[in-house]
Amino acid sequence: MAKKKNFFERFSNWATAATGSSAAFLIAISVIIIWLVTGPVFKYSDTWQLIINTGTTIITFLMVFLIQKSQNKDSKAIHLKLNELLASHQGASNRMVDIEDITEDELDHLHKFYVQLSDLAEKEDDLTCTHSIDAAEENHNFKLSTYKAKKHYTDARTRKDSSKKSK
């Protein structure tokens, strides 16, 4: 699966690691300090100011593209990992795979669903309960009727009730 990376990929990986290091930060601070110290020598001239403005503008311009490439790659890798988890988990909704391609309105609609799902989960006493988008209501009702009879649930209820009484 490991394919040979092209020059730009290798360079961007190296540059991302290098510019995100402590050494790069110290170099940047050193450049600013040197620039500030040379101010009186150059009588704070327009050229002196132009040097730092031009230098930082060019570096910022290039870094935007480098950071975006790195973010795109990281984002794609994270999405693939999440897709693998969704695809491999029996209870998860496969409709969530590639969800990043849906519209903002569709994302808002799903967000409202998960807020509702969260509200349902807050009514439960078992934090390990989970829901799928495809069967949330059914799972919720099934879990409430099934889990309330389980020992861990009754033990948790007993502890919760006794802690309320002791307060």
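The lining of the largest pocket carries no charged residues: by class, 22 of its residues are nonpolar and 8 are polar. Keep in mind that this is a predicted model, with a mean pLDDT of 83 across the protein. Besides the pocket, there are some aromatic pairs to look at, 6 in the whole structure.

**The largest pocket**

- Its volume comes to about 750 Å³.
- A set of 30 residues lines the largest pocket, and Ala28, Gly55, Ile59, Thr60 and Met63 are the ones nearest its centre.
- Three elements each hand two or more residues to that lining, namely α1 (7–19), α2 (22–37) and α3 (46–88).
- Helix α3 is the top contributor to the lining, supplying 12 residues.

**Aromatic pairs**

- A ring pair is described by how far apart the centres are and by the angle the planes make.
- Take Phe61 and Phe65: they pair edge-to-face, at 5.1 Å centre to centre and with 75° between the planes.
- Both of these residues sit in helix α3, where Phe61 and Phe65 are 4 residues apart, or about one turn of the helix.
- Neither ring is hidden away, as Phe61 and Phe65 are both exposed.
- Phe113 and Tyr114 make another edge-to-face pair, with 5.1 Å from centre to centre and 85° between the planes.
- Tyr114 has a relative accessible area of 33%, so it counts as partly exposed, since that class runs between 20% and 50%.
- Phe7, Phe11 and Trp14 belong to a cluster held together by ring pairs.

**Around Lys5**

- Lys5 is found in the segment before α1.
- Is Lys5 buried, exposed or partly exposed? Its relative accessibility is 38%, so Lys5 falls in the partly exposed class.
- Leaving aside residues up to four places away in sequence, Lys5 touches Arg10, Asn13 and Lys73.

**How far to trust it**

- In the protein, 85% of residues reach a pLDDT of 70 or more.
- Which helix has the lowest confidence, and which element has the highest? The low end is helix α5 (residues 136–147), with a mean of 66, while α2 is at the high end with 96.
- That makes α2, one of the elements giving two or more residues to the lining of the largest pocket, the part with the highest confidence in the protein.

Key:
Residues are numbered from 1 along each chain as its sequence is written. This is a predicted model: local features need pLDDT of at least 70, side-chain atom pairs count only at pLDDT 80 or more; totals for chains, interfaces and linings use all residues. Side-chain values use heavy atoms; hydrogens and water are left out. On a 1 Å grid over the protein atoms alone, a cavity is a set of points where a 1.4 Å probe fits but cannot get out, and a pocket is an open set with protein on both sides within 12 Å along at least five of seven lines; lining residues have an atom within 4 Å of a point. Grid points are joined across faces, edges and corners, and a volume is the space filled by probe spheres set on the points. Ala, Val, Leu, Ile, Met, Phe, Trp, Tyr, Cys and Pro count as nonpolar, Asp, Glu, Lys and Arg as charged, and the others, Gly among them, as polar. Rings of Phe, Tyr and Trp (its six-membered ring) pair if their centres lie within 6.5 Å; planes under 30 degrees apart count as stacked, over 60 as edge-to-face and the rest as tilted. Buried means under 20% relative accessible area, exposed over 50%, partly exposed in between (1.4 Å probe, protein chains only). Contact means heavy atoms within 4.5 Å. pLDDT is the predictor's confidence in each residue, from 0 to 100.
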